[in-house]
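This text walks through side-chain contacts and surface features, one group at a time. Please keep the structure open while reading.

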Amino acid sequence: MATATLPLRLLPSRTPLLHAAAFLPASTSLSLTAPATRNWRIFAAAEEAPAPVEAEVEEVVEDAAVPEPVEVQLAAAGAGKDADIFAVVMIGSRQYIVMPGRYIYTQRLKDANVNDQIILNKVLLVSTRDKAYIGMPVVTNAAVHAIVEEQGLDDKVIVFKFKKKKKYQRKAGHRQPNTRLRITGISGYEEYPADPILQVPA
């Protein structure tokens, strides 16, 4: 198949001129000047082209956020023997990882008042540094003790409905009620059969 090479033509840019007579009254005079033609400069050889300027680019290396070790996180959860334990508890239809000394936001607990002490007995898992108590489905006699700190609301969510060509639109806001719980302790899991946590070889 034969290929044809077409010559390269560079044309100066032209600005379209509008007919002023169609837009202005007859008594108005208007003078227009033709745009100046551009002079094109073509470099035929590589030595005539200007040398490219090499800009120095500094490589910015950001330190990746390294998470704290598990031991540090557990130590920050509380003091004493409660610092080495966490549990998975089910509240309503959701599961939460809880540690003594920390707080969680859950769905609204209707019958709970501020400063009430409550017990969450649907514990699915309890883990210490050397043992894991895995419930089937729950850990028998295990309980998570908590204090109700606040009955509040989530951030507002805007619900907007719109139908095109129907002149229909509705805008409404919603704030889901929630409860803030402070975890005080985990107990009652000692008599449940435990699985040893295997140590990862270094």
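Strands here are DSSP runs of at least two residues in state E, numbered from the N terminus. By that numbering, Phe 162 lies in strand β8, which covers residues 157–163. The model is predicted, and side-chain atom pairs count only at pLDDT 80 or more.

Phe 162 is one of the residues in a nonpolar surface patch of about 340 Å², made together with Ile 158 and Phe 160. Its relative accessibility is 54%, so Phe 162 counts as exposed, because the cut-off for that class is over 50%.

Next come the charged pairs. Side chains of opposite charge can pair when their charged atoms come close. Three salt bridges are found in a search of the whole structure. In one of them, Asp 84 meets Arg 129 at 2.9 Å, N to O. Asp 84 lies in the loop between α1 (70–77) and β1 (86–91), and Arg 129 in the loop between β5 (123–127) and β6 (131–134), so this pair ties together parts that are 45 residues apart in sequence. Asp 84 is partly exposed at 27% relative accessible area, and Arg 129 is partly exposed at 37%.

Another salt bridge joins the side chains of Glu 149 and Arg 180, at 2.8 Å from N to O. Since Glu 149 lies in strand β7 (residues 143–153) and Arg 180 in strand β10 (residues 177–187), the pair ties together parts that are 31 residues apart in sequence. Glu 149 also forms a salt bridge with Arg 182, at 2.9 Å from N to O. That pair links distant parts of the chain as well, with Glu 149 in strand β7 and Arg 182 in strand β10, 33 residues apart. Glu 149, Arg 180 and Arg 182 are thus linked in a network of salt bridges. Within this network, Glu 149 is partly exposed at 31%, Arg 182 is partly exposed at 23%, and Arg 180 is buried at 18%. Arg 180 falls in the buried class because that class means under 20% relative accessible area.

Arg 180 also leads to the aromatic residues: it lies over the face of Tyr 103, at 3.7 Å from the ring centre. A search of the whole structure finds two aromatic pairs. One of them is formed by Tyr 103 and Tyr 105, edge-to-face, with 5.9 Å centre to centre and 90° between the planes. Tyr 103 is partly exposed at 39%, and Tyr 105 is partly exposed at 43%. Elsewhere, Lys 163 lies over the face of Tyr 168, at 5.1 Å from the ring centre.

Methods:
Residues numbered from 1 in each chain as written. Predicted model: local features only at pLDDT ≥ 70, side-chain atom pairs only at ≥ 80, totals over all residues. Heavy atoms only, no water. Patch = residues over 30% accessible without salt bridge, like charges linked within 9 Å, V, L, I, M, F, W, Y side chains within 5 Å. Areas by Shrake-Rupley, 256 points an atom, 1.4 Å probe, with all protein chains shown as cover. Salt bridge = Lys/Arg side-chain N within 4 Å of Asp/Glu carboxyl O. Helix = DSSP H or I, 4+ residues; strand = E, 2+ residues; numbered from the N terminus. Buried < 20%, exposed > 50% of the residue type's maximum accessible area, 1.4 Å probe, protein only. Phe/Tyr/Trp six-rings, centres within 6.5 Å; stacked < 30°, edge-to-face > 60°. Lys NZ or Arg CZ within 6 Å of the ring centre and 35° of its normal.
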